[in-house]
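This report describes selected features of one molecular structure. The sequence and the model are shown first.

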Amino acid sequence: MKNEELRKFRVGYACLNSDVKTKYRTCRQRNLTIEKWHELIKINLSVLKEMIEYNRKMKLSMYRISSDLIPFGSADVLDYDWANIFQKEFAELRELLKNRIRFSMHPGQYTVLNSLSADVVERALKDLEYHVKVMRLLGATRKNKVVLHIGGIYGDKPSAIKRFVEVANGLDQSILDHLIIENDDRSYNIKDVLEISEQTGLPVVFDNLHHEINLPEESRPMKEWLEAAGRTWQAEDGRQIIHYSQQAEGKRTGAHSATIDSQVFLQFLDSLDEPLDIMLEVKDKNRSTEKLQMILNKDLKMAERLWARQKYSMLSRSQPNYQEVRQLLKDKTNVDFKRIAELFEQTEKLAHSPGDAVNAADHVWGYFKKQTTDKEKNDFRKLMDSGISDSDSGRIVRKYLTKMLKKYPNGYLEESYYFNESLSDNI
DNA sequence: TGACGTCAAGATCCG
DNA sequence: CGGATCTTGACGTCA
């Protein structure tokens, strides 16, 4: 297959990154001072910079920026011209994003344009202004979008839709340039949102999971709704964006899965003809994005990077799976990326295996043993001898190795999922 | 009035 | 005292 064809589908992720350790900061509104605010914004802009640099390094080209970037950014709590104060930082971010990353933002369910309360609508407008302000500071063009839900029903859907349309049509062009609307999982299905699009001209984001949960009465194949959404996008809006997620087994309806099942995802793509930018909504964030991008782009470099991160975590859970991936990566001219992804996914679901955990711990210990003190060597041996076989002491050994990693830093191990589980249930 | 969802702050508990 | 664990806050709608 041609590259052109494979790149028909791009994937991206939202807000947080499982492999960037610095976190956004905030504080309680009552504790906010100018000094504190300045400090928080400064930190958060540097966190965003780290994520963008990560995306560039991994060649991830689609990314949603968290609304938490500027805490209380739309709340009018204090008078402080942060956009101006941090213009140097924004300029730097703008350069990093330029022509490389199609970024977007997404105010949550609490930004409601069609509320019956004038006060709520006013604050929703402020919130939209805040999002667009950030977008523009980061160099947004019309291709960079702010995704919004329609809002509440208030017992009368036609009136609620009418209110949304009226407010939307009164928005400044600077906001309309970026605004797009999405079907949600309880109130506004894809047909409703398409109707609203007709009356506002706003492009529509099709969300597959919301759609499954909240089907329109009119029964049409999913593909047709998705394509109808596609027709709401003008050339200047850029490529059609959709949201894609999978139901987390055994959790509340609509809860996002820990990782994307790649076979299910590929099946979903199979039925589609038009190029798409697909925003993944998934707990493991960048990790699923990297995995799917590896498959879509047949990206050997990505496969090797992911393998480096996976190998000890896999070895500790299933030696056969570990061996199979090693084999698959031997002949670099003919790599079965789908199978590799499938093995990653299978193994992630497994608990650490009593037998294989010893082996993996020994492999990892190999990185430290030349530098460790005699006491540390003894402690490690004692832990290993006391029986790593039950899952609990396995965890104790990993914890000890994590301590060693802190003391004896090692870039390769620091990226390993052996130390950075994404599925907390499995630790 | 509490559930809903999401994240980290803030509080508290444990050794 | 540091680390682990529990609770709260911020948002609006709906039952």
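The sections below treat a group of paired strands, the surroundings of a DNA strand and one lysine of a helix.

## Basis of the report

The structure is a predicted model.

## Strand 2 and its partners

Strand 2 comprises residues 62-65, and both of its faces are covered. Met62 and Arg64 lie on one side and are buried; Tyr63 and Ile65, on the other side, are buried as well. In general, side chains in a regular strand alternate between the two faces of the sheet.

Strand 1 (residues 9-14) runs parallel to strand 2 and is joined to it by two bridges. Strand 3 (residues 102-105) is also parallel to strand 2, with four bridges between them. Arginine 64 of strand 2 takes part in both pairings: alanine 14 stands opposite arginine 64, and serine 104 in strand 3 is a bridge partner of arginine 64.

## Surroundings of DNA strand B

The residues around DNA strand B are Leu16, Lys23, Tyr24, Arg25, Thr26, Cys27, Arg28, Asn31, Arg252, Gly254, Ala255 and His256. By character, the surface near DNA strand B divides into four nonpolar, four polar and four charged residues.

## Lysine 162

Helix 6 spans residues 157-169 and contains lysine 162. Lysine 162 counts as partly exposed because it has 14 C-beta neighbours inside 10 Å. Asparagine 114 is separated from lysine 162 by 48 residues in sequence, while their C-alpha atoms are 8.4 Å apart in space.

Terms used. Residues numbered from 1 in each chain as written. Chains lettered and ligands numbered in written order. Predicted model: local features only at pLDDT ≥ 70, side-chain atom pairs only at ≥ 80, totals over all residues. Buried ≥ 20, exposed ≤ 12 C-beta atoms within 10 Å, placed from the backbone. Near = placed C-beta within 6 Å. Nonpolar A, V, L, I, M, F, W, Y, C, P; charged D, E, K, R; others polar. Pairing = 2+ DSSP bridges.
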